[in-house]
Amino acid sequence: MTEAKLFQKATTKAVLKALRRANGSRRFLVADEVGLGKTVVAQGVVRELMTEKLNRSEGPLVVFYVCSSLAIAAQNRRKLLEVIPEAERDTAVCPVDRLTLVGTRDRPPHALLNLYTLTPDTSIPLREGRSRKGQQSERALIYALVKYRYPKLLEVFRQDDFRQKSMPARDDLVWRGWVRYYKDLVRRNASLRREFYEALRREFNVEEGQWLVPAVEKLDRDRLEFIGRMRSALAAANLNHLKPDLVIFDEFQRFQDLVQEQEDLPHSRVLRLLRGEEVEDPPGLVLLSATPYKPYARRWEEADGSEHRKELLDLVKFLYGGGANAAAKRKACEQSFRTMETELRLGRLSSPAFLEAKAVIEGVLRPVMSRTERLAHPDGSRTVDIRTETMDLHVKDLRVYKEMAATFRETDRAWIVPYWSSIPLPAQTMGPSYFAWKQRDSAKSNGAPALSVGDRNSFCRPSEWPHPRLRILERLVPPERLALPWVAPSLPWWTLAGKWRNESQTDVAAKLLVFSRYRAVPQTIAALLSYSLECRYLRNSRVDYETASRRSALQARPKREALLGFFHPSPWVVRTTEPLTAKARTQSGLKRELAKQLRTSLAEAGVAIKGDTRRPLWRLLSKIERRVGTWRYAHRAWQELAGQVSKSEDSEGALAGLVARWDEEARQRELTEISPIELDRLADYALSAPGVVMARALQRHWPEAVSEGGFRKTLDAVWLGLRAYLDQPWFVKALGGGERHFPESLQRAVFEGNLESVLDEHLWITSRLQSLSGSGLAEELKVVLRLRSSVFYLHSVNGESERFTLRCHAALPFTEGRMLVQGPGEVEKKPLRPDELRKAFNSPFWPHVLATTSVGQEGLDFHCWCKSLIHWDLATDPVAHEQRQGRIQRYGGLSIRTALAKVLGQDILAAPTAACSPWAELAARAEREPSLADSSGLKPWWILPGAEVQNVILGIPTSEQEARWKRLREQVLLYRLALGHPNQEDLLDVLRGVPGITDEQIRAACLHLSPYFADEALVR
């Protein structure tokens, strides 16, 4: 389980105190700055409450985890589940993600924890602005429940009102399947029936014994309203039945209406039940958000009647549970905020009145709210490298603008400049989801630059894209860099060479996370960057675009036994060799050291070094493995793999034949000697063969990686993961040598690009962040390496109805996903694609660029191998800006690791511990070093001098991007300083004019709500 730091433990303690407080509201807001581990705090709360319930013998702790998206849920659910053993976690989770449907499944069988993951959009029917009809499966369940008990209702609302389809019911096989399934379930589930019928009477305000039909008839055949009300009753029924002990609202700023006072709104009853307002023993309610309220008001918003302070004050009242006491707390805060505002306007940041008001606000907020910030720490000033990249406008750019001006309707002209400046090739990439594009007059097109199907098929892209920001991005990450199979490590074990030689000195480091405003941009960026890579390496190659992605260089085929040896995670070689302990750091020196290690092992096995034989390595390996006793289980694992791979992995069924041939060679004549030349080749193999390198990296974190019990998992990760990932035509071309000599090119790349140190670093940070160990690390590696490419549709220049595709692979768009239902009663087990994308981007492998909108802006981790944010479009407000920064400013991020490697790396590599990860040693030393670590735990993993993240602003001449960026940064400062104050633009103007104002004064003026730092000398 993730070990909480002291500042997190202090916050956990504050939360538990609020939840246990007699006559308290049992509500608490954890508003820690982005990236400081609010989910770790929530995990600590779950663990303590679970233990308390166990001690009282009251059954499992029932937790509802509510967040804005299933992508966030997929990431954070694992963290919450760490409180129980890994083997038991599947039994603690409800697989259904809709509150209306959880009653169709048995409760999770785990004895200590039941976790339900929900989203407001799918679980709280009748929310304003949301669809009321729900999923077909929900409507089929409601239909089955109504038919069982209230068949007369079906004379008011018929089956077609539930189906909401035009096709006849007899032809709707999917609907009929759902109804059959749920009719049987309703018949068997008396508890579900009882809870639903009781909730239905409450929903329509019908007393026991009264008729339900007249109440429903008042809906005047509004079938959407009827379905919505029925779904609401079903959700309420399940809430009443499950009775949660703890409800967690994560990133709740995305659904603020859930914490606002509700009048008699359609969804208010379900919401009150979820918040515990209609139950005798309410659940604890924990809110998580780094930006829990609207932080900034412009003058025009004030003039428009917007009440900025009201949102924060209403939140205070909610946290105190409403009522007279809560109203008094709200009033005290409001009065003190006014005093602080007056003093701030006068530039008096340390006057007695200011300090007294500040103390009152802190006294009111601390019992129900905590906020830990880096700014509370003396070394907590952010280190952000800010760059502005510009590109001159070209004639082709203006031709794109002219086409939009000519084709857009007069009423849509206001959108031309925003769309043109942000979206590349807008005529082809926007699509009908943009109303202005859909209504344009394409007949007036003036032939602006475009990409045609013919261009695509011949890999003939424009010399420069007709969009300045895309040209800047391509300058930052040219195709040659995108084509690298993995990024450079933070701590290379030897000097990077070849195509990685200058990687650590590039202007923009490692991976890029790109934020844009419009949904068309991420897909366009991903498609055009990926296509540019293909043009760079496949043009003039006589390869057809449609078949270019077919894999052939590393596929199992007859007479390719050498391929098996190349990717064989040889137990003998892995256990025998350790390049870290070698004193040399050149390739020739390392090979000599490994040859010595191999020679010693061979002597112990009775194999002499003599003669001049030159047998293929695959034959030598099997014979040596057989002699040392590891071939039996290694061969069995290969046989199992050959029997289980799909046709797509082994289209010709050749793998089984290769494995059998390999075993025959192993059994022919026992090996008693090898030649010096063969030993030299074995040493080269031990240093840089992909299978050995990956297995040796795994063994440092999982000692059983090449044992009889673990070898199969390692083999899967190597063959199904790494081999399949590397078998791509762009890698063949980029690494050189052609398909025939690709293995040799790969071996050279493995050494020059330090793949073993990359894998070691990745496995270490993965184990820390995800609490993975053992075979879970091998499985996770396989998952991230098997991410498939996606496609993006471009509209043809010849007509709106024609489209063609571009592949996305080296760069990918991050889009929202949702869990799908496959059939009656079956929830799809396949992982969410957004979570797959997040995991892949958090690996050192493709994609190297991830482009997203606000969908990827909140609650997600993208920091493992990325420390560069590209602001394609600037954030709209400081909340969005803070959230963007938080995606890469997180625990153990790349910026932190890079800084630690500079300070400690060479000392660690100079005296490594055999069979131990250098990162494990480096981490242990960093946490002991007084100059690097402190008692709070914020240093070194969140705060470290020299740990810079990069912000790159993309602009064009005369644009306002740079000025807007400066304004945005100032607004973020006021978010901390002028918490809850209206008219913040005026305050900003005032503070600019205060002579001599220092960062130290600003730090002292901020509200201090951190449970750890509140009583520490670090707070100034």
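These are my notebook entries on a sheet, a helix, one loop residue and the nonpolar cores of this predicted model.

**Entry 1: the sheet**

I began with the strand order. Six strands make an open sheet, running S7-S18-S17-S8-S16-S13, and they pair in parallel. Strand S7 (384-390) and strand S13 (811-813) are the edges; each has a single partner strand, so one side of each has no neighbour in the sheet. I also looked up the twist: neighbouring strands are turned by 20° against each other on average, direction ignored.

Next I picked one pair from the middle of my list. Strand S17 (residues 866-871) and strand S18 (residues 949-955) are joined in the parallel sense by four bridges. In this pair, Leu 869 sits opposite Asn 951 of S18.

Which helices did I find against these strands? Helix H21 (residues 468-476) packs on the sheet and touches S7, strand S8 (511-515), S17 and S18. The direction of H21 makes about 125° with that of S7. Helix H38 (residues 878-886) lies across S8, S17 and S18, at about 150° to S17.

**Entry 2: helix H29**

I wanted a quick check on helix geometry here. Helix H29 (residues 654-667) has 14 residues, which at 1.5 Å a residue should span 20 Å; the end C-alpha atoms are 21 Å apart, so the two agree.

Then I asked which residues of H29 are buried. They are Ala 654, Leu 655, Leu 658, Val 659, Trp 662, Asp 663, Glu 665 and Ala 666. Their cover includes helix H24 (561-566), helix H27 (617-628), helix H28 (631-644) and helix H32 (711-726). Just past the end of H29, Arg 669 has a positive phi of about 50°.

**Entry 3: Leu 671**

Following the chain onward, I stopped at Leu 671, in the loop between H29 and strand S10 (673-674). Is Leu 671 buried or exposed? With a relative accessible area of 3%, Leu 671 falls under the 20% cut-off, so I noted it as buried.

I then listed what Leu 671 touches, leaving aside neighbours within four places in sequence: Val 607, Arg 615, Leu 620, Lys 623, Ile 624 and Arg 627. For a distance check I took Ala 436, which is 235 residues from Leu 671 in sequence and 75 Å away in space, C-alpha to C-alpha.

**Entry 4: the cores**

Last, I looked up the nonpolar cores. The largest has 230 residues, and Trp 638, Leu 655 and Trp 719 have the most contacts inside it. Helix H23 (residues 520-538) gives the most to this core, 12 residues. Another core, of 90 residues, lies apart from it; Tyr 143, Val 216, Met 230 and Ala 1005 are among its members. I was pleased to meet Leu 655 again, since it was also on my list of buried residues in H29.

Definitions and conventions:
Residues numbered from 1 in each chain as written. Predicted model: local features only at pLDDT ≥ 70, side-chain atom pairs only at ≥ 80, totals over all residues. Heavy atoms only, no water. Pairing = 2+ DSSP bridges. Helix = DSSP H or I, 4+ residues; strand = E, 2+ residues; numbered from the N terminus. Axes fitted to C-alpha atoms, helices over the stretch in contact; angles between N-to-C directions. Contact = heavy atoms within 4.5 Å. Expected span 1.5 Å × (residues − 1). Buried < 20%, exposed > 50% of the residue type's maximum accessible area, 1.4 Å probe, protein only. Core = buried A, V, L, I, M, F, W, Y, C linked by side-chain atoms within 4.5 Å.
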